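Colleague: I would like to learn how to read the features of a model like this one. Could you walk me through it?

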Amino acid sequence: MYGAPALPPDFVSLPYANPDAPKGGRVVFGNTGGFDSLNPFVQKGTAPWQLRFWGYESLMGRSWDEPFTLYGLLAESIRTAPDRSWVEFTLRPEARFSDGSPVTVEDVIWSYETLGTQGHLRYRGFATQIESIVQTGERSLKITFNTDDRELALIAGMRPILKKAQWQDLDFTASGLNNIPIGSGAYVISDFEAGRNVTLRRNPDYWANDLPFRRGTQNFDELRIEFYGDQTVLFEAFKAGELTALREFNAEKWETQFGFPAVLRGDVIKSEIPHKRPSGMTGFVMNTRRAPFDDWRVREAMLLAFNFEYINDTMTGGAQPRITSYFSSSELAMQPGPATGQVLEMLEPYADALLPGALEGYALPTSDGTARNRGNLRRAVDMLAAAGWTVQDGQLRNAQGVPFAIEVLLRQGDGSNQTVIEIYSRALSRLGIQVDVSTVDDAQYAARIDQYDFDMTTFRRELSLSPGNEQRLYWGSDGVDVPGTRNLMGVASVAVDGLIDRMLATESREEFTAAARALDRVLTTGRYVIPIWQYDVGRIAHVRQLHYPEQLPIYGDRTGFLPDVWWYEEN
């Protein structure tokens with residue numbers, strides 16, 4: 001995206017991969033909930049999220065050791081205009097699908113057109129920015145863009161490529177278990193039991209076995225996903241040896257509940273893997289499409305009532321720091337105090353549309369750590385009163401006498417967030433706010449989220465050091481009324497839209513950083529999410545036979561690190 005790639009043209013492997021890693025072994029992971037589809041590329045149905053990453057290749061692949069540098073994968077060469085207004089890919093002659101058939105230009109063009117019109121919404125925004133896509137040679141194609149956006153040439157290289165012939169006379173949009181997409185990745189689904197487990201086997205004839213980009217990766221013979229009703233059952237399954245590896249996101253649980261016999265014997269290892277990516281945003285999102293959360297003062301009151309210090313101590317022993325903004329813990333994070341320099345210059349055109357704190361500075365409310373949180377609750381009462389909400393007959397009501405009542409939507413098996421909401425609800429009840437918690441299964445949850453049928457729900461957005469077009473999907477105003485986008489909070493801000501455009505158009509890393517910091521200010525002061533704790537280190541418990549390289553990438557805890565560059569070896 002900026003500057004030159006870190007690796008030379010003749011690199012032998014990615015810097016964090018072990019090119020001599022042995023092949024073999026079996027890894028079993030656990031998911032909660034279930035699945036009713038094996039097609040991860042469409043809106044309908046629920047597919048295991050890992051399938052997109054394990055079985056399908058794109059024209060280019062990401063290095064997890066660089067914020068946004070891509071290297072050729074299905075494509076052996078890439079040409080682009082100086083202004084990135086077009087990009088041309090030439091396919092590798094050896095590129096093959098898992099059934100042995102060659103990956104053709106026709107497959108690539110069909111994949112782009114089909115995903116862009118019939119695929120999941122995350123693929124459709126890119127399609128609207130393509131002016132034309134044409135074949136230019138036996139193994140080459142050219143994509144021309146209709147938007148001034150330097151990132152598009154890179155995004156074009158990251159779309160999954162599927163086999164056109166498989167879908168002749170079939171409905172690509174239909175979910176289900178009957179037609180598994182044929183990919184060009186190292187793993188192929190070999191077996192599954194609906195809603196319970198999926199097994200993938202490494203293809204011994206995988207076309208990229210000797211490609212430098214893949215050397216030392218895709219080392220396991222078998223990857224299996226087992227499904228459980230909730231995290232408690234999943235954890236017990238891991239303790240019993242039914243799972244091979246488990247990510248733990250709670251620091252206190254990591255310290256207090258991972259002393260079971262297998263750990264004490266040394267059969268299970270606790271690995272802590274640092275990373276350098278932004279915190280992203282994790283917490284509880286408020287739907288601004290509907291009252292009362294369409295008023296920022298109400299959202300500020302909800303933030304004041306959330307006693308993070310007390311809740312964090314209860315849930316994690318106070319071991320995990322709070323997320324302070326969307327890009328916190330990185331150079332892209334909003335800086336303390338008033339906006340200055342380029343950040344100020346970028347925000348000033350939108351001054352009339354910005355909420356308090358964006359220009360003059362803002363920090364999340366902090367409590368004294370006690371259970372009562374009296375000071376912040378008094379401030380919350382004042383904010384609610386300013387928004388027209390006062391206590392009448394023991395309940396908070398607006399001027400029309402409508403009570404302040406909200407529904408919190410949770411996914412079945414999400415015990416940790418349910419505990420947090422129970423603590424939070426007690427504080428809200430002292431303000432006269434009625435809280436109803438609805439816990440639903442995966443299918444109901446997905447359907448309601450797609451239709452934005454909630455007042456408040458859980459929220460998680462992982463962000464990178466090179467944010468780009470996905471920001472429009474996360475909080476672009478086009479996603480307010482379109483069902484199924486990832487703009488759950490309903491952000492409709494000219495400042496957000498304008499800053500995303502500015503971030504994507506610049507050729508300067510300094511200007512890009514300033515635009516990201518300005519965007520972070522607008523999102524944070526929008527008060528859309530009640531942030532909780534950040535995952536500042538990756539905690540992975542695994543059997544002792546699993547190993548990973550000594551050199552860690554900057555995104556060391558990501559899916560691209562486990563299982564991609566891990567390997568199985570008896571000690």
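**Cavities and pockets**

Modeller: Gladly. The largest cavity holds about 60 Å³ of space. Keep in mind that this is a predicted model.

Colleague: How should I think about such empty space, and how many cavities of 30 Å³ or more does the whole structure have?

Modeller: The general idea is that a probe the size of a water molecule, rolled over the atoms, shows where empty space is left. Here, a search of the whole structure gives three cavities of 30 Å³ or more.

Colleague: Which elements give two or more residues to the lining of the largest cavity?

Modeller: Those elements are α16 (509–525) and β19 (529–531). Among the lining residues are Met281, Tyr326, Leu523, Arg527 and Val529. By type, the lining divides into seven nonpolar residues, three polar and one charged.

Colleague: And what is the volume of the second largest pocket?

Modeller: The second largest pocket has a volume of about 340 Å³. Of the 19 residues that line this pocket, Pro5, Met60, Leu70, Arg84 and Leu154 are the closest to its centre. Two or more lining residues come from each of β3 (70–72), β4 (75–80) and α4 (152–155). The largest share, four residues, is from β4. The lining of the second largest pocket divides into 12 nonpolar residues, five polar and two charged.

**Backbone geometry**

Colleague: What should I look for in the backbone angles?

Modeller: Start from the usual case: most residues other than glycine have a negative phi, and most peptide bonds are trans. Then look for exceptions. Arg527, which also lines the largest cavity, has a positive phi of about 55° although it is not a glycine.

Colleague: Where is Arg527 placed, and is Arg527 buried or exposed?

Modeller: Arg527 sits in the loop between α16 and β19. Its relative accessible area is 4%, so Arg527 counts as buried.

Colleague: Which other residue that is not glycine has a positive phi, near 55°?

Modeller: Tyr452 has a phi near 55°, again a positive value in a residue other than glycine. Tyr452 lies in the loop between α13 (442–450) and β18 (456–461). With a relative accessible area of 7%, Tyr452 is buried. Gln451 is found in that loop between α13 and β18 too, but Gln451 is exposed, with a relative accessible area of 53%. From Gln451 to Asp481 the C-alpha to C-alpha distance is 9.2 Å, with their positions 30 residues apart in sequence.

Colleague: Which residues does a cis peptide bond join?

Modeller: Ala291 and Pro292 are joined by a cis peptide bond, with omega about 5°. Pro292 is in the loop between β13 (281–286) and α8 (296–305).

**Strand pairing**

Colleague: Now the strands. In which sense do β16 and β17 pair?

Modeller: Strand β16 (residues 405–411) pairs with strand β17 (residues 434–440) in the parallel sense, over seven bridges. Within β17, Val440 stands opposite Arg411. Together with helix α12 (residues 415–430), β16 and β17 make a right-handed β-α-β unit.

Colleague: How does β18 fit in?

Modeller: β18 pairs with β16 in the parallel sense over two bridges, and Leu409 stands opposite Thr457 in β18. With β13, the pairing of β18 is antiparallel over six bridges, and Met456 in β18 is the bridge partner of Met286. β18 is mostly covered, as five of its six residues are buried.

**Aromatic pairs**

Colleague: How do I read a contact between two rings, and how many aromatic pairs are there?

Modeller: Look at the distance between ring centres and the angle between ring planes; the count of aromatic pairs here comes to 23. The rings of Phe41 and Tyr56 have centres 4.8 Å apart and planes at 85°, so this pair is edge-to-face. The pair links distant parts of the chain, 15 residues apart: Phe41 is in the loop between β1 (26–32) and α1 (51–54), and Tyr56 in the loop between α1 and β2 (60–62). Phe41 and Tyr56 are both buried.

Colleague: What makes Tyr206 and Trp207 an edge-to-face pair?

Modeller: Their planes are at 65° and their ring centres 6.0 Å apart, so Tyr206 and Trp207 are edge-to-face. Both Tyr206 and Trp207 are buried.

Colleague: Which residues form one aromatic cluster?

Modeller: Phe235, Phe238, Trp254, Phe258 and Phe260 make up one such cluster.

Methods. Residues are numbered from 1 along each chain as its sequence is written. This is a predicted model: local features need pLDDT of at least 70, side-chain atom pairs count only at pLDDT 80 or more; totals for chains, interfaces and linings use all residues. Side-chain values use heavy atoms; hydrogens and water are left out. On a 1 Å grid over the protein atoms alone, a cavity is a set of points where a 1.4 Å probe fits but cannot get out, and a pocket is an open set with protein on both sides within 12 Å along at least five of seven lines; lining residues have an atom within 4 Å of a point. Grid points are joined across faces, edges and corners, and a volume is the space filled by probe spheres set on the points. Ala, Val, Leu, Ile, Met, Phe, Trp, Tyr, Cys and Pro count as nonpolar, Asp, Glu, Lys and Arg as charged, and the others, Gly among them, as polar. Two strands pair if DSSP finds at least two bridges between them. A crossover is right-handed if, with the strands pointing away from the viewer, the path from the first strand over the helix to the second runs clockwise. Rings of Phe, Tyr and Trp (its six-membered ring) pair if their centres lie within 6.5 Å; planes under 30 degrees apart count as stacked, over 60 as edge-to-face and the rest as tilted. Buried means under 20% relative accessible area, exposed over 50%, partly exposed in between (1.4 Å probe, protein chains only).
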